[in-house]
Amino acid sequence: MASRLELLNDDVFLQILDLLIHDSLNSLSTTSKTIRSACLPVLFSSSRVFAANLVWDHFIAPHFWPYVQHLTFVGAWMEFNPNAVDPNLPPVPLSSVLLKMPRLSGISIQRTKHRGVPREALDAIFSLPRLREFEITESLHHWDVVKYPSAKLSFPIPPLVVYRQLHIKMYRDHPRARAGDGRLLLYLSEHQQFQQSLEILAASTEIMPFAAFAPAQWPKLREITLQGEAPPQSLPLARVFGGVPELRQLHLELACTTWFGRTMLAYPGWKGPMPWPQLQHLVVSWPHQEDPLYSHLPRSLRRLVLRCWPRRYLWILMPDRGELADLGWYHDILTAADMIQLLSRCNVPELEELEVEYEEDEHDTDLLQLIASAFPNLVTLTIFRYRRRSSSDPPLDEIAKALSPLVRLRTLYLHLDLTIPPHPYGEYHPGGREASIQLFATMNEMATIFAQELGPSLDTLCFLKRWRHMNLWVPFRIERPENMVPTAHYLGYGKDPDIKQDDDLGIPVFFRDPTMCLMETDEIR
């Protein structure tokens with residue numbers, strides 16, 4: 001086998017190696033010296049080290065340094081204290097070592113918990129002139145910020161292309177962003193080098209330097225993701241990101257709080273012009289139906305998501321509802337009438353993907369008919385429709401007929417908030433299994449109804465099922481035998497890579513005793 005592989009073109013062989021999972025690649029690398037040599041650049045392209053053990057005995061061996069392209073530091077960091085060095089375990093001189101990795105261009109920091117990242121480590125990382133991508137998933141705040149509050153960051157700014165700093169797990173903390181969490185992004189945002197090179201930005205709102213960001217020009221920035229509690233700044237986001245003319249994707253996952261309700265991208269009375277003329281993807285949580293920006297959406301827009309964050313269904317049952325209430329968040333979902341007011345101003349007929357999350361009212365059918373007429377080129381449609389309190393199940397035939405003019409629709413995701421779904425932890429309760437079987441049968445019947453009403457382009461239908469702490473899309477494939485009535489059959493979880501398998505939680509929740517979850521089943525609507 002090895003001899004045949006060795007006959008392959010180098011480029012083809014490397015493409016094969018890239019497709020292998022790490023365990024398989026590691027096994028392949030043991031078959032011969034030649035194969036081992038070819039595998040090394042792929043095996044060590046992404047490497048991990050424990051931040052608590054930055055000593056030579058636990059670090060990457062020098063002969064592998066030429067292959068490292070992305071380096072991840074995991075865990076709490078060791079202290080850079082010369083007086084506490086064990087002479088038998090000399091620390092790795094991080095600054096010089098990183099410079100000796102000729103292909104290193106990306107660094108990630110994970111699971112720092114509450115320990116943060118020491119100043120010496122940041123100096124070493126950002127002194128790397130080849131650094132193009134930086135990501136940290138938890139707190140940057142370190143005790144040295146408290147001990148030396150006047151000490152400013154002073155390292156040179158590399159031409160970063162990607163910067164990600166999301167720390168949703170820190171929402172359990174008070175305060176939710178500490179002094180050291182935002183100082184790095186603020187320091188970078190004040191420098192022209194960062195402004196001129198950045199292309200992708202993902203940040204928690206609590207550490208986003210809005211005041212420094214707004215007046216600058218960002219000529220290459222094309223993707224922005226903001227996640228967390230709504231920003232306390234006074235400028236509308238259309239002004240904050242007014243200097244981002246090449247923006248292609250804007251993702252705003254902002255929680256509803258008592259001091260910030262629905263998301264307004266522009267002030268009332270705003271007349272434009274649209275600051276992002278090439279925008280292709282727009283995701284907005286808790287959108288405001290009177291936001292004037294929707295009247296100025298560019299014709300380039302292909303994906304529009306108008307959602308709740310976290311999802312509205314997380315507010316219905318415990319324990320999720322209690323977790324969100326503890327955070328000080330609440331829900332302010334749009335009604336069907338509100339959604340009509342918003343969508344009727346969107347002149348984007350070439351839109352290919354739409355997601356809406358709303359609560360039913362007497363204009364429910366009108367909304368679905370508007371979607372079908374205003375966005376005739378939809379390929380993917382996702383609908384989260386919630387019942388009002390004490391409402392019955394939705395009229396499936398009416399919903400299907402309202403959507404039938406969508407002649408290009410291929411994939412339909414539906415959450416119709418049925419009255420019969422079992423509790424997510426119902427398997428721990430007598431009768432829980434029977435309820436799950438009944439739900440699946442109901443989904444199959446609904447899929448058949450939609451298959452018969454919607455056009456021949458429809459290929460896949462998915463219905464949401466909450467199971468334990470997961471939210472799964474249950475897929476059904478549409479079959480259209482010649483001269484026969486269309487039918488639907490269960491596709492199987494994960495069988496089609498193009499179909500979404502899970503819906504996002506928004507924020508992680510604590511796992512509780514399932515029996516306690518079942519004791520807290522009262523609904524709030």
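Modeller: Strands are DSSP runs of at least two residues, numbered from the N terminus, and the position of Arg 262 is given on that basis, in the loop between S8 and strand S9 (281-285). Please keep in mind that this is a predicted model.

Colleague: Why is Arg 262 called buried?

Modeller: Buried means under 20% relative accessible area, and Arg 262 has 16% relative accessibility, so the residue counts as buried.

Colleague: What makes the reach of the Arg 262 side chain to the backbone oxygen of Asp 332 a polar contact?

Modeller: The cut-off for a pair of N or O atoms is 3.5 Å, and the side chain of Arg 262 reaches the backbone oxygen of Asp 332 at 3.2 Å. The backbone oxygen of Ile 333 is likewise reached by this side chain at 3.2 Å. Asp 332 and Ile 333 also appear among the residues that Arg 262 touches, which include Trp 286, His 288 and Asp 338.

Colleague: How do you know that Glu 253 and Arg 307 form a salt bridge?

Modeller: The rule asks for a side-chain nitrogen of Lys or Arg within 4 Å of a carboxyl oxygen of Asp or Glu, and the closest N and O atoms of Glu 253 and Arg 307 are 3.8 Å apart. Glu 253 belongs to strand S8 (residues 249-255) and Arg 307 to strand S10 (residues 303-307), so this salt bridge ties together parts that are 54 residues apart in sequence. With relative accessibility of 15%, Glu 253 counts as buried, and Arg 307, at 4%, counts as buried too.

Colleague: What makes the pair Glu 133 and Arg 164 a salt bridge, and why is Glu 133 called partly exposed?

Modeller: Their side chains meet at 3.3 Å, N to O, and the limit is 4 Å. The pair links distant parts of the chain, with Glu 133 in strand S4 (residues 133-136) and Arg 164 in strand S5 (residues 162-165), 31 residues apart. Partly exposed covers the range between 20% and 50%; Glu 133 has 25% relative accessibility and therefore counts as partly exposed, and Arg 164, with a relative accessible area of 27%, is partly exposed as well.

Colleague: How do you know that Asp 496 and Arg 477 form a salt bridge?

Modeller: The closest N and O atoms of Asp 496 and Arg 477 are 2.8 Å apart, which is to be set against the limit of 4 Å. Asp 496 and Arg 477 are both buried. By this rule the count comes to 18 salt bridges.

Colleague: Why is His 489 called partly exposed, and what makes its approach to Glu 479 a polar contact?

Modeller: His 489, which is placed in strand S16, has 29% relative accessibility and so counts as partly exposed. The side chains of His 489 and Glu 479 are joined at 3.2 Å, against a cut-off of 3.5 Å. Among the other residues that His 489 touches are Pro 475, Phe 476 and Arg 477.

Colleague: What makes Phe 440 part of a nonpolar surface patch?

Modeller: Patch residues need over 30% relative accessible area, and Phe 440, in helix H16 (residues 432-453), has a relative accessible area of 34%. Phe 440, Tyr 490 and Tyr 493 make a patch of about 280 Å².

Terms used:
Residues numbered from 1 in each chain as written. Predicted model: local features only at pLDDT ≥ 70, side-chain atom pairs only at ≥ 80, totals over all residues. Heavy atoms only, no water. Patch = residues over 30% accessible without salt bridge, like charges linked within 9 Å, V, L, I, M, F, W, Y side chains within 5 Å. Areas by Shrake-Rupley, 256 points an atom, 1.4 Å probe, with all protein chains shown as cover. Helix = DSSP H or I, 4+ residues; strand = E, 2+ residues; numbered from the N terminus. Buried < 20%, exposed > 50% of the residue type's maximum accessible area, 1.4 Å probe, protein only. Contact = heavy atoms within 4.5 Å. Polar contact = N/O pair within 3.5 Å; in protein donor to acceptor, adjacent residues only side chain to side chain. Lists of a residue's contacts leave out its neighbours within four places in sequence.
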